[in-house]
Amino acid sequence: MRFMMLMIPGGYAEAAPDVRPDAKGVEAMMKYNEELKKAGVLLALDGLHPPSSGARVSFKGGKPVVTDGPFAEVKEVLGGYWVIDVRSREEAIEWARRCPAGENDLIEVRRVFEMSDFPEDVQKVAEGFGELKS
């Protein structure tokens with residue numbers, strides 16, 4: 001089963017565009033990432049720039065509207081993610097528990113949809129899209 005572990009760093013919603021983690025934090029995280037890789041469960045990972053350098057596209061009234069960051073109404077934002085392939089939800093949670101996160105950080109663990117999770121009619125529609133389906 002594939003899971004996403006979504007890192008929600010405390011205070012990141014208000015972070016300046018040039019904020020970066022320090023060397024000690026990066027070293028701890030790289031060791032953790034290496035553990036995931038050595039265990040054979042890591043599929044993908046990335047860190048994200050703060051939302052102050054991002055943009056949001058909403059679709060009110062069916063038309064795209066772009067809002068540049070920072071986003072005042074937001075309390076929690078993604079700072080990065082991992083995609084892991086493990087045997088169970090419990091194993092995914094155990095990996096999240098091992099992360100060297102800060103005391104104000106949060107990791108949300110969510111299962112990724114597999115095509116087999118959908119009814120047959122949806123799977124049939126997706127067949128024509130080859131590699132785009134999960």
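Buried means under 20% relative accessible area, exposed means over 50%, and partly exposed lies in between (1.4 Å probe, protein chains only). This is a predicted model: local features need pLDDT of at least 70, side-chain atom pairs count only at pLDDT 80 or more, and totals for chains, interfaces and linings use all residues. Residues are numbered from 1 along each chain as its sequence is written, and side-chain values use heavy atoms, with hydrogens and water left out.

**Exercise 1. Take stock of the whole protein.**

State how many helices and strands the protein has, and in which pattern they follow.

Step 1. Helices (H or I, at least four residues) and strands (E, at least two) are DSSP runs, numbered from the N terminus.
Step 2. The protein has 3 helices and 6 strands.
Step 3. Along the sequence they give the pattern β-α-β-β-β-β-α-β-α.
Step 4. The C-alpha trace spans about 45 × 45 × 20 Å along its principal axes.
Step 5. Of the 134 residues, 26% are buried.

**Exercise 2. Lay out the open sheet.**

Find the order of the strands in the open sheet, and name its edge strands.

Step 1. Strands of a sheet pair through backbone hydrogen bonds, either parallel or antiparallel.
Step 2. Here, two strands pair if DSSP finds at least two bridges between them.
Step 3. The open sheet has 4 strands in the order β2-β5-β1-β6, with antiparallel pairing.
Step 4. β2 (42-47) and β6 (106-111) are the edge strands, and each pairs on one side only.
Step 5. From one strand to the next, the twist averages 15°.

**Exercise 3. Follow strand β1.**

Identify the pairing of β1 with β5 and with β6, then decide how enclosed β1 is.

Step 1. β1 (residues 2-8) pairs with β5 (residues 80-85) in the antiparallel sense over 6 bridges.
Step 2. On this side, methionine 7 has glycine 80 of β5 as its bridge partner, and leucine 6 stands opposite tyrosine 81.
Step 3. β1 also pairs with β6 in the antiparallel sense, over 6 bridges.
Step 4. There, phenylalanine 3 stands opposite arginine 111.
Step 5. 5 of the 7 residues of β1 are buried, so β1 is largely enclosed by the rest of the structure.

**Exercise 4. Place a residue of helix α1.**

Is asparagine 33 buried or exposed, and which residues does it contact beyond its neighbours within four places in sequence?

Step 1. Asparagine 33 is found in helix α1.
Step 2. Its relative accessible area is 10%, so asparagine 33 is buried.
Step 3. Contact means heavy atoms within 4.5 Å.
Step 4. Leaving aside neighbours within four places in sequence, asparagine 33 contacts Leu42, Leu45 and Trp82.
Step 5. Now take glycine 25, also found in helix α1.
Step 6. Glycine 25 is partly exposed, because its relative accessible area is 34%.
Step 7. Glycine 25 and alanine 101 are 76 residues apart in sequence, and their C-alpha atoms are 8.7 Å apart in space.

**Exercise 5. Trace the salt bridges.**

How many salt bridges does a search of the whole structure find, and which parts of the chain does the pair of arginine 2 and glutamate 114 link?

Step 1. Side chains of opposite charge can pair when their charged atoms come close.
Step 2. A salt bridge is a side-chain nitrogen of Lys or Arg within 4 Å of a carboxyl oxygen of Asp or Glu.
Step 3. The search finds 7 salt bridges.
Step 4. One joins arginine 2 and glutamate 114, with the closest N and O atoms 2.9 Å apart.
Step 5. This pair links distant parts of the chain: arginine 2 is in strand β1, while glutamate 114 is in the loop between β6 and α3 (120-127), 112 residues apart.
Step 6. Arginine 2 counts as partly exposed, at 21% relative accessibility.
Step 7. Glutamate 27 and lysine 31 form a salt bridge as well, their closest N and O atoms being 3.8 Å apart.
Step 8. Both lie in helix α1, 4 residues apart, about one turn of the helix.
Step 9. Glutamate 27 is partly exposed at 47% relative accessible area, whereas lysine 31 is exposed at 52%.
Step 10. The side chains of glutamate 108 and arginine 110 also meet in a salt bridge (3.2 Å, N to O).
Step 11. Glutamate 108 is partly exposed, because its relative accessible area is 31%.
Step 12. Salt bridges that share partners join Glu94, Arg97 and Arg98 into one network.

Notes: Axes are lines fitted to C-alpha atoms, for helices over the stretch in contact, and angles run from 0 to 180 degrees between N-to-C directions.
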